[in-house]
Amino acid sequence: MTSALLFRDDAYLRTATAQVLAVGDRGIELDRTVFYPLGGGQAGDSGTLTRADGERLSITDTRKGEGPDRVLHLLAPGSPVLQVGEPVTLELDWLRRYQLMRLHTALHLLSCVITAPVTGGNIVPEKARLDFDIDLQQLNAAHIERETNALIRAGAATETVWITDAELDQQPDLVKTMSVQPPRGAGRVRLLRIPGIDLQPCGGTHVADVAEIGGVRVLKIRSEGKHNKRVEIALAAP
Ligand SMILES: [Zn+2]
C-alpha cells in the first residue's frame, strides 16, 4: 500500500487529486500525495483535503507510515471519517512549505560554509539548525552569515540525482565529495547536488535555485554538548 510521492520529482506541486487507500487511527493513506512526511529533520506538511462534495478537512501534520513510501496524513480531531476509495483533492499550506524548502536548502549551504562533521539538524518554518562537531571558538556568526549569503546571492540551480548502489560503488570519487555517507541497501540513493558547492544524500524538498532562499541570518550559536555546537538560522525575509 504505497503512495506515489509526487514531491520527490516536483517539490513545487501544491495540489493533487488522490484516492483514499486506508483510514486508520494514526492517519489516512492516499494513492498519491504532495505532502512531505516528517523526516530528515524537516517538519511534516500541513494543508487541506477537499472531498468530492466540497467539504474541506484540515491536514494538521504528515508522518511516515509503516514501510517505505507510506505516508500518514493526520486530520484535525473530530474530522469526519473518510471512505476507502473516495476521491479527494489535496492542497498544501504552500507558504509554510516554501519556507521549509528555502531553509532546508540553506542548511545544505551552511554545511559547506562550516567544514565540520554534522551531528544533527532540524527545520521548522520559523528557523532551522545544524549541529557540528567543532570548537565553539571556530564559529563566527558574522562570517557564517556573510559566506552563506554570498552563495545565495551568486545563485546555483539545484539538481536531484538518483544513483544505484552499484553506480556508487563504481564511483568512489563521488563519495569522497559528499559530506555524508549515503545509506546503502535500498538499491538506489537520492542525492541533492548544488553544482560546485554540495553533493549529499537527501530525501527532503529543496528550492530550484539557491537564490530563492533570499538571504539568511544567524539567530544563535551555542554549545549543546561536546560534539554538538548548534548554529541556528532564519530567513532574512520570510
Ligand atoms: Zn536536502
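**Notes on a zinc site and its helix**

1. Let's start with I213. Not counting neighbours within four places in sequence, I213 is in contact (heavy atoms within 4.5 Å) with R102, T105, A106, L109, I152, V207 and L235. Keep in mind that this is a predicted model, where local features need pLDDT of at least 70, side-chain atom pairs count only at pLDDT 80 or more, and totals for chains, interfaces and linings use all residues. Residues are numbered from 1 along each chain as its sequence is written, and side-chain values use heavy atoms, leaving out hydrogens and water.

2. Now for helix α2, residues 94-113 (helices are DSSP runs of H or I, at least four residues, numbered from the N terminus). Its 20 residues reach 28 Å from the first C-alpha to the last. Of these 20 residues, 16 are buried (under 20% relative accessible area, 1.4 Å probe, protein chains only).

3. What are the protein donors of the zinc ion? They are H104 (NE2), H108 (NE2), C202 (SG) and H206 (NE2), 2.0 to 2.1 Å from the ion. Donors here are N, O and S atoms within 2.8 Å of the metal (3.2 Å for Na, K and Ca); water is not among the atoms, so sites may look incomplete.

4. Along the chain, the donors follow the spacing H-x3-H-x93-C-x3-H. H104 and H108 both sit in α2, four residues apart, which is about one turn of the helix. H104 is buried, with a relative accessible area of 4%, and H108 counts as buried at 4% too.

5. The zinc site is tetrahedral (four donors, all angles between 85 and 135 degrees), with angles of 101 to 124° among its four donor atoms.

Conventions
Helices (H or I, at least four residues) and strands (E, at least two) are DSSP runs, numbered from the N terminus. The expected span of a helix is 1.5 Å times one less than its number of residues. Buried means under 20% relative accessible area, exposed over 50%, partly exposed in between (1.4 Å probe, protein chains only). Four donors count as tetrahedral if all angles lie between 85 and 135 degrees; four count as square planar and six as octahedral if opposite donors are over 155 degrees apart and all others between 65 and 115; anything else is irregular.
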